[in-house]
Every structure is written in structure tokens, then in C-alpha cells.
Amino acid sequence: MSAIKIDETKCKKDGLCVQECPGGIIKQEDKESCPEMIPNGEQVCFLCGHCVAICPHDALHHENIPMEASPPILKELSITREQAVQFVRSRRSIRRYKKKPVEKETIQLLIDNARYAPTGGNSQLLKWTVHTDETKIRAMADLTIDWMRKAVASDSNNTMASYLPMIIDAYDAGVNSITHDAPCIVFASAPGTYDNGMVDLSIALSYFELISVSAGLGTCWLGLISRALKYSEPLKEVVGLPESHTHFYSMVLGYPKIKYHRLPERKPANIFWG
Ligand SMILES: Cc1cc2nc3c(=O)[nH]c(=O)nc-3n(C[C@H](O)[C@H](O)[C@H](O)COP(=O)(O)O)c2cc1C
Ligand code: SF4
């Protein structure tokens, strides 16, 4: 039984699905026939859903990509180029948060949307680890600082970034630049055996942070804790990622305390037109 069924009453035999399938596993005998999946095509199909997405007549049904879970693209929800540009340019790294928890349902919704980020071969191997317990998040910041203290102390050749001692001093004085006193911390991770793990999880976290803006939330990428997590066993224990997931990165999430009014400039794009 083929995974793809074509409704012959709807199919216009335009061959769009044949041209679109990246696996080349949908064939059409001639212009008078409906396309069909080649024998054993299921073994090659990586469930990208392009065949379902491209058919303008709702004629193609894939047994693993249900129509009910593949809603139509609504023209009225399209955004203009100006809207898209302002949306991406107005995203900021948020470092000051309200003392207000983020509801579990909201976090779930953000992750549910971030899972539509592209993944190599549509592998979708990412795992999300979420912490909202204030004491645990504080422990992660403490353990990161512990690791930084040791790293700076053993750095006889001064190869560590010069700002690390400043961050430690500030932390001791009550300024938390590790987790920014945010109410939630999110880790995206992937198996170490998967070559595209770091790329996939970075894209997914980018989706996550952009979607969070539309929910009135803010995020900040956490380089320091992500770095400490590579080395600090006590930190690994508190965070609790799957052992095989050696690709990871983290960000905090929360309701911003502040509001921005301008879109700051960046360096001009450095492009080589080959
Ligand atoms: C890290 C990475 C590498 C990828 N490499 C290729 C590639 O070499 N060739 C290709 O056709 N698609 C590539 N893709 C696209 C994926 O196959 C695609 O994202 C996935 O099938 C889901 O389809 P979608 O992007 O249309 O949602 C890559 C995607 C990612 C994130
Ligand atoms: S889901 Fe993707 S790979 Fe599978 S048949 Fe459809 S277009 Fe081809």
C-alpha cells in the first residue's frame, strides 16, 4: 500500500507534486495519468510534506502527513516586507525581566511553533529542556560563576576573555549577567552523533525567540551558561540534558521590564558577489 493516495476526482494532472518532491519518488506515467509514489518510495520519503503543501487542489493525501494537521495558507495573514523587516529588526536581547512567571501553556505554544524550523533531512531530532524553578535557575547561575572563577584562576596565559572577571565581580555585587534573573530558561539540544545538530538547534532557538516577541515575551541567548555546561559536571546535573545530547544552547525567557523605541543600526553587510 502506497503512503500517497491521489483523489482522481480532484487531481488536475499538472504534475506539480512530481516536480516538487525532493526525493524524486512521485512519478507520472503521462499527462493523462494521475501521479503515484514509486514502489518502496516510503523508504526514501523523509516526510517533508512538500507534496501536500504544493497541491492546489487538495488531491494528494499522504498517510503520515494528515490533511487535518496541514492547514491552508491564509492570504489575509500574509505580512508586508516592511512588517517583516520591522519584526526581525525590533527583536532585542532582553536582559531585564518582570518578576512574573511564564505560563507553561505559553512556553509549550512557543516550542510547538519553533518545531517548524527547518532541520537537516527533516530529521527533527531536537529536544527541549525547560526550567522555571527560581531556585534551580539561580543554582545554574551560581554553578556557571563557580566554573568561571576556576577557569579564570587557572588561565595563566590570559587566554580567557577579559570581561569574565568583571562579570564575576558584578555577580558578587548582585548583578546577574548569567541568567538575568529571568523566570524561565530553555535548552535546545541534539545528539552528538548528528552532524547538523548545532545548526538545527540554533535555527529552532531563533524561531523560538522571534515567536516569543509576538506573545509579548523576550529572550536572551546564554553564551556563558552554555559554555560552562560543556565542562561543569555539577551544572550538567542540575540542567539534566540527555547524556547523548552534546550539541546544546540555551536562552532565557520572560516578560520584558523595558520597551524599545528605535531600531539600532548594524555594520553594513559584508558580501562577496562571486
Ligand atoms: C542544517 C540543514 C541542512 C540542510 N541541507 C539540505 C541540503 O543539503 N539539501 C536540501 O535540499 N535541503 C537541505 N535542507 C533542508 C531540509 O531538508 C528541510 O529543511 C526539511 O526537509 C524540512 O523542509 P522545509 O524546510 O520545507 O520545512 C537542510 C536543512 C538544514 C536545517
Ligand atoms: S513527503 Fe516529501 S519526500 Fe515524501 S513524497 Fe512528499 S514531497 Fe516526496
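1. Helices (H or I, at least four residues) and strands (E, at least two) are DSSP runs, numbered from the N terminus. With that numbering, H245 sits in the loop between α9 (233-239) and β8. The model discussed here is predicted.

2. Is H245 buried or exposed? H245 has a relative accessible area of 11%, and buried means under 20%, so H245 counts as buried. Leaving aside residues up to four places away in sequence, H245 touches L125, K127, S189, A190, P191 and G192. With one of these, S189, there is also a polar contact between the two side chains, at 2.8 Å.

3. Helix α8 covers residues 223-231, and its buried residues are L224, I225, S226, A228 and L229. What lies over these buried residues? The cover includes the helices α5 (134-153), α6 (163-172) and α9, together with β6 (184-190) and β8.

4. Which residues surround ligand 1? They are F46, C48, H50, P118, T119, G120, G121, N122, N196, V199, D200 and I203. Taken alone, ligand 1 exposes 620 Å², and the protein buries 50% of that. Sorted by class, the shell around ligand 1 holds five nonpolar, six polar and one charged residues.

5. One residue of this shell, H50, has a polar side-chain atom 2.6 Å from an oxygen atom of ligand 1. As for secondary structure, helix α7 (residues 197-214) gives the largest share of the shell, three residues.

6. Why can ligand 1 be said to lie between two domains? Domain 1 (4-69) and domain 2 (84-254) both contribute residues to the shell around ligand 1, so ligand 1 lies between them.

7. P256 belongs to the segment after β8 (247-254). At 18% relative accessibility, P256 is under the 20% limit for a buried residue, and therefore counts as buried. Apart from residues up to four places away in sequence, the contacts of P256 are with I94, R96, Y97, K98, G216, L217 and G218.

8. A last point concerns P256 and M1. The two are 255 residues apart along the chain, and their C-alpha atoms are separated by 53 Å.

Terms used. Residues are numbered from 1 along each chain as its sequence is written. Chains are lettered from A and ligands numbered from 1 in the order in which they are written. This is a predicted model: local features need pLDDT of at least 70, side-chain atom pairs count only at pLDDT 80 or more; totals for chains, interfaces and linings use all residues. Side-chain values use heavy atoms; hydrogens and water are left out. Buried means under 20% relative accessible area, exposed over 50%, partly exposed in between (1.4 Å probe, protein chains only). Contact means heavy atoms within 4.5 Å. A residue is near a molecule or strand if one of its heavy atoms lies within 4 Å of it. A polar contact is a pair of N or O atoms within 3.5 Å; within protein, one must be able to donate a hydrogen and the other to accept it, and residues adjacent in sequence count only if both atoms are side-chain atoms. Accessible areas come from the Shrake-Rupley method with a 1.4 Å probe; for residues, only the protein chains shown count as cover. Ala, Val, Leu, Ile, Met, Phe, Trp, Tyr, Cys and Pro count as nonpolar, Asp, Glu, Lys and Arg as charged, and the others, Gly among them, as polar. Domain bounds come from an automatic or database domain assignment.
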